[in-house]
2 protein chains.
Amino acid sequence: MPARPTMVDVARHAGVSQTTVSFVLNGRTDVPVAPETRRRVLEAAALLGYRPNRAAQDLKRGSSSVLGIVSNGIASHPFAGRMILGIQKAARAAGYVCMVVDMPDDEEGRDEAVRSLLDRGVAGLIYASPATVPVRQTETGVRVRTVFSGCWPENGEPGEAVILPNDVEGGRLAARAALDRGHRRIAFLGGTYQEQATVDRERGLDLACAEVGMAPEDVWRAYGDYSIDSGYRLARTAMAEDEFTALICGNDRMALGAVLALHELHYDVPGRVSVVGYDDQEELAEEMRPAFTTVALPHYEMGLLAGERLTSPPGSPTVPERILVPCPLVVRASVVPVSAPS
Amino acid sequence: MPARPTMVDVARHAGVSQTTVSFVLNGRTDVPVAPETRRRVLEAAALLGYRPNRAAQDLKRGSSSVLGIVSNGIASHPFAGRMILGIQKAARAAGYVCMVVDMPDDEEGRDEAVRSLLDRGVAGLIYASPATVPVRQTETGVRVRTVFSGCWPENGEPGEAVILPNDVEGGRLAARAALDRGHRRIAFLGGTYQEQATVDRERGLDLACAEVGMAPEDVWRAYGDYSIDSGYRLARTAMAEDEFTALICGNDRMALGAVLALHELHYDVPGRVSVVGYDDQEELAEEMRPAFTTVALPHYEMGLLAGERLTSPPGSPTVPERILVPCPLVVRASVVPVSAPS
DNA sequence: TTGAAAGCGCTACCAG
DNA sequence: CTGGTAGCGCTTTCAA
């Protein structure tokens, strides 16, 4: 197995100087190269299977073709992958590649992780999080292009952009999914109390109520922690409280918990009680019985946006942008028109 | 925001040559340096916040401190993250960092993705997959250390190691979870027919049967596709067939589907029917009602092993190793002793 | 139209 | 003990 051929090898093979090889391979139009020479170079390169050493290119150019992703919980979250996939899509299109480090829990480890990225001279940093939370930004001491996807800096500048899901709108859509089908005895099984996502989605609920002329106070509310288990407990509590016909859940996992509880209580879903989820979680929402009517978290798009931002020329936008990505409603089977009161 | 200081800057500040700075900072013991000089260098480095440029180091050394991860479905799979986390853990410990590319579906895109990693001079390649499947290895033309985690090469050499979960043993454990609690009317709701994981887990089931003196043929069997939905359908079919007291499912998602079906059929879980899952899926198995008794897929450990392999000195093992990582049984609430026959 | 030469930031050899 | 010097593989003046 031979070592990788270098530009010098190609030059030697083509009988030209290394400089010329560089010109040809970089397709520089400002430097005229004789067609015959160009052909020879291309041929030699192809023959040897030459591929430029990106590390060397980057070093010389003083710029880099690597994006650094600082991930907050790449593990366990099925979403994290989708966001990284979006980033990669943009990266690949621009000839970039991604380095990923997971944010360790301790502050020191996290700073070190970010620095390890900087030490490799990444072109930019993306703080990526599947949950909408504040993150501590590492003081780098050097200017590096930064964008936040799914999170925002609790300290320091917000970089070039903060990309967040439009959870208010998503919450509104989730509520409307039930409201529009005639449901008025509604319980809101929120996620973790006072977390940004929870607050936003609940605000959307209030908006939706106002839109259909229902008093927001008439919605029963309780909070869990986005786990299946908390959905289960909250649903039991709710149904003991009143004969709700629709449960609006903090996320799909809580919706799943709610379904489990409803089954135990012998309520048919969606026949007797409709359930709306949130997240459109991969391998869950669509596969459920009944399949969840839910709101999709646009992680892929968020990642795409973040990646595009950092791979596009430094450009003009000096004022950090705050981008709210739409969360579309996905209508499936878990919400049906309210049945006539028995 | 100043540019990153280089070694020359440190040297100037300390009033020594750049060479000396290199010696000191690399802590080379073979080259004696006067304590006073060393102190001055260290001081200057600290003052300037100097950090070596890894890209330059790697270029010079001709070796690299980056691991390339070729991920098969980093998206959607909650596991992928755990495996990458394991790889990262090993990587960090050795001063490495990871570049991740997701394997595109088309062959061409995939080869290009792998090459883009090689172009950056990664120290090694890890083909990582959350599902036990064969992958097409890219012909690189150059020798690069490779290990497979959760997959194996369907073409070419198996690299240094192929790391797989011990699904036979896992399947055995899953079956024993039911068998040991007296269950004998058992249905096996397998995953995708003839997929490696399915085959192995079923083999484990046969082993377990033999151990407790039950005829393997006495276990009812059917296959789905590892989705919630298929678990649901298979469970309905099974229960229409016979009065099973335990359902051994292909994975936790199928187990979830089975629970849903059982609820609909008004069978109490686990009171009337026990359910055993597989995967110990994050945010699912533990949060379920009842929490799943399941078998843990050791993705983190597999990643760790893969990472350690590639960050350890080239070493001796020339013969590719086949490593089977144990899948421990996690006992929770979804399996209980069989109730006295009514 | 082509090539010699100077580095990017770093390591490592060898002379002093 | 310390520092000059030669590169790693590449881009980019500047001359020929």
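Okay, let's start with one residue: B:Thr138 is buried, with a relative accessible area of 4%. Keep in mind that this is a predicted model.

So where does B:Thr138 sit? It's in the loop of chain B that runs between strand S3 (124-135) and strand S4 (145-153). And what does B:Thr138 touch, leaving out residues up to four places away in sequence? The list is B:Arg110, B:Asp111, B:Val114, B:Arg115 and B:Tyr127. With B:Asp111 there's a polar contact between the side chains, at 2.7 Å. As for B:Arg110, the C-alpha atoms are 7.8 Å apart in space, while the two residues are 28 apart in sequence.

Right, on to the DNA. I'll take strand C, then strand D.

Around DNA strand C we have 26 residues, and the closest are A:Thr37, A:Lys60, B:Met7, B:Tyr50 and B:Gln57. If you look at the atoms of DNA strand C within 4 Å of the protein, 57% are sugar and phosphate. Let me pick out a few phosphate contacts. A:Thr37 puts a polar side-chain atom 2.2 Å from a phosphate oxygen of DNA strand C. On chain B, a polar backbone atom of B:Met7 is 2.6 Å from a phosphate oxygen of that strand, and for B:Tyr50 a side-chain N or O atom is 2.6 Å from one. Two or more residues of this surface come from each of H2 and H4 of chain A, together with H2 and H4 of chain B. H2(B) gives the largest share, four residues. By class, the surface near DNA strand C has twelve nonpolar, eleven polar and three charged residues.

Now DNA strand D. Which of its 27 surrounding residues come nearest? Those are A:Met7, A:Tyr50, A:Gln57, B:Thr37 and B:Lys60. Sugar or phosphate makes up 53% of the atoms of DNA strand D within 4 Å of the protein, and the rest belong to bases.

There's a base contact to show you here: the side chain of A:Thr19 has an N or O atom 3.4 Å from a base oxygen of DNA strand D. On the phosphate side, a side-chain N or O atom of A:Asn26 is 3.2 Å from a phosphate oxygen, and for the side chain of A:Arg28 that distance to a phosphate oxygen is 3.2 Å.

Which elements each bring at least two residues to the surface near DNA strand D? Helix H2 (18-25) and helix H4 (54-61), from chain A and from chain B. The classes on this surface are twelve nonpolar, eleven polar and four charged residues.

Note on methods:
Residues numbered from 1 in each chain as written. Chains lettered and ligands numbered in written order. Predicted model: local features only at pLDDT ≥ 70, side-chain atom pairs only at ≥ 80, totals over all residues. Heavy atoms only, no water. Near = heavy atom within 4 Å. Polar contact = N/O pair within 3.5 Å; in protein donor to acceptor, adjacent residues only side chain to side chain. Nonpolar A, V, L, I, M, F, W, Y, C, P; charged D, E, K, R; others polar. Buried < 20%, exposed > 50% of the residue type's maximum accessible area, 1.4 Å probe, protein only. Contact = heavy atoms within 4.5 Å.
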